[in-house]
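I have my notebook open and a chain to explore. Here is what I looked up, entry by entry.

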Amino acid sequence: MHNRRTEQTNMGKNKKYFSFISFLIIFFLTSSLSAQSLSEADSLIHQKQYADAINILQDLKSQNPDDAAIQQKLDNAREQQQNAQEKYASALQSGLQYFNNKQYDKAKDAFETALSYKPGASYPALKLEEINRVYKDPEEEKAFEDAMARADELMNAYNYQEALKFYNKALELKPRNVEVLKKVKQIKNFVAKQEAREEDYRQALENAATLFAEGYYERAMLQY
C-alpha cells in the first residue's frame with residue numbers, strides 16, 4: 001500500500017513536471033514566432049508595405065490583447081499608412097497637373113515621389129512610361145551615355161564583369177532599351193564561356209598532376 005501511494009505521488013510529480021516543461025516549450029515557441037512576426041512587420045513597414053504589416057500586427061494583437069508594445073506599433077503603422085496615402089495622393093495630383101501642362105520634367109519628379117510613398121503602384125509607373133516616350137531628361141541621357149561608353153570600353157578590353165556593372169547601370173536608367181538588353185545577354189554568354197574554359201583548364205591540370213603522381217608520364221604530358 002505504501003509503495004502504491006509513493007508511486008502515485010511520483011506520477012503526480014512527474015505529470016506536473018512534464019506539464020511545466022510543455023508550458024515552457026509552448027511559451028518559448030510562441031515568443032519566437034511573435035518575434036519573427038514583429039520583425040517581418042518592421043521590414044514591411046520599412047518597405048512601405050503598410051497594409052501587409054498592419055495585417056500581421058492585427059493578428060499579433062488578437063493573440064496578445066494586453067500587449068501595449070504591439071498596440072503602439074500597430075497605431076504607428078496605421079498613422080504612417082495614412083500619412084503615406086495623403087502624400088501619395090498629393091504627389092499624384094501634382095504630377096497630373098504638370099503632365100497636362102506638358103511640364104514633363106516636373107511631372108516626372110512628382111510621379112516618382114508618388115511611387116516612393118506607394119511602391120508598386122501601377123498608375124504613376126504607367127505615367128512615367130508615357131513621359132519617357134515623349135521627354136528625354138538631359139541629365140539621365142548624359143548618365144546613360146556615360147555608362148554605355150564606359151561599359152563598351154571595358155567590354156572591348158575583355159573585362160566582362162566590370163562591363164556588366166555599367167550595362168546594368170544603364171539599364172536602371174532605361175530598363176527597356178533593346179541595345180543594352182542585347183549587350184547584357186551577350187556579355188553573360190561571354191562570362192559563361194569564360195568560366196567554362198577556366199573550369200576545363202583547372203580540371204586538366206588536376207588530371208595531369210594525378211597522372212604524373214601515378215607514373216603515367218605520357219598521359220600526364222597530354223593533359224598538360
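**Entry: L154**

I started with L154, which I found in helix α6. This is a predicted model, so everything I note here is read from a prediction. Is L154 buried or exposed? Its relative accessibility is 7%, and buried means under 20%, so L154 counts as buried. Next I looked up what L154 touches: leaving out residues up to four places away in sequence, I noted N159, E162, A163 and F166. I also checked the distance from L154 to L164, a residue 10 places along the chain, and their C-alpha atoms are separated by 8.8 Å.

**Entry: the loop after α6**

Then I looked at Y158, which lies in the loop between α6 and α7. Y158 is exposed, with a relative accessible area of 62%. Its phi caught my eye, since it is near 65°, a positive value in a residue other than glycine. I reminded myself that most residues other than glycine have a negative phi. K48 gave me another case, with phi near 65°. I found K48 in the loop between α1 (2–46) and α2. At 31% relative accessibility, K48 counts as partly exposed.

**Entry: the whole chain**

I stepped back to see the overall plan. How many helices and strands does the chain have? I counted nine helices and zero strands, and along the sequence the pattern reads α-α-α-α-α-α-α-α-α. Of the 224 residues, 24% are buried. I also looked at contacts between residues at least 6 apart in sequence, and 42% of them join residues at least 24 apart.

**Entry: the nonpolar cores**

Which residues touch the most other members of the largest nonpolar core? This core has 16 residues, and the answer is Y167, V180 and I187. The elements giving two or more residues to this core are α6 (138–156), α7 (160–173) and α8 (178–213). I followed I187 further: not counting residues up to four places away in sequence, I187 touches M155, Y160, A163, L164 and Y167. Apart from this core lies another one, of 13 residues, with Y50, I70, A77 and A84 among them.

**Entry: helix α2**

Y50 led me to α2, where it is one of the buried residues, together with A53, I54, I56, L57, L60 and K61. Why do I say that they line one face of the helix? Seen down the axis of α2, these buried residues fall within an arc of 160°, so they line one face. A helix has 3.6 residues a turn, so residues three or four places apart point the same way. On the face of α2 turned away from the buried side I found the exposed residues S62 and Q63. I also checked the length: α2 (residues 50–63) has 14 residues and reaches 20 Å from its first C-alpha to its last, close to the 20 Å expected.

**Entry: helix α5**

I did the length check on α5 too: its 13 residues should span 18 Å, and its end C-alpha atoms are 19 Å apart, which agrees. The buried residues of α5 are P124, K127, L128 and I131. They fall within an arc of 105° seen down the axis, so they line one face of α5. The face turned away carries the exposed residues S122 and R133. What covers the buried residues of α5 includes α3 (68–100) and α4.

**Entry: two buried lysines**

K127 sits in α5 and is buried, with a relative accessible area of 8%. Setting aside neighbours within four places in sequence, I saw K127 in contact with L96, F99 and F111. K108 lies in helix α4 (residues 104–117), and K108 is buried, with a relative accessible area of 5%. Its contacts, not counting residues up to four places away in sequence, are with L128, I131, N132, D137 and E140.

**Entry: the largest pocket**

Last, I looked up the largest pocket, which has a volume of about 540 Å³. Which of its 19 lining residues are the closest to its centre? They are L128, N132, L173, K174 and P175. The elements that give two or more residues to the lining are α4, α5 (122–134), α6 and α7. The largest share, five residues, comes from α5.

Technical notes. Residues numbered from 1 in each chain as written. Predicted model: local features only at pLDDT ≥ 70, side-chain atom pairs only at ≥ 80, totals over all residues. Heavy atoms only, no water. Helix = DSSP H or I, 4+ residues; strand = E, 2+ residues; numbered from the N terminus. Expected span 1.5 Å × (residues − 1). Buried < 20%, exposed > 50% of the residue type's maximum accessible area, 1.4 Å probe, protein only. Arc of directions from axis to C-beta. Core = buried A, V, L, I, M, F, W, Y, C linked by side-chain atoms within 4.5 Å. Contact = heavy atoms within 4.5 Å. 1 Å grid on protein atoms, 1.4 Å probe; cavity = no way out; pocket = protein on both sides within 12 Å on 5 of 7 lines; lining within 4 Å. Points joined across faces, edges and corners; volume = space filled by probe spheres on them.
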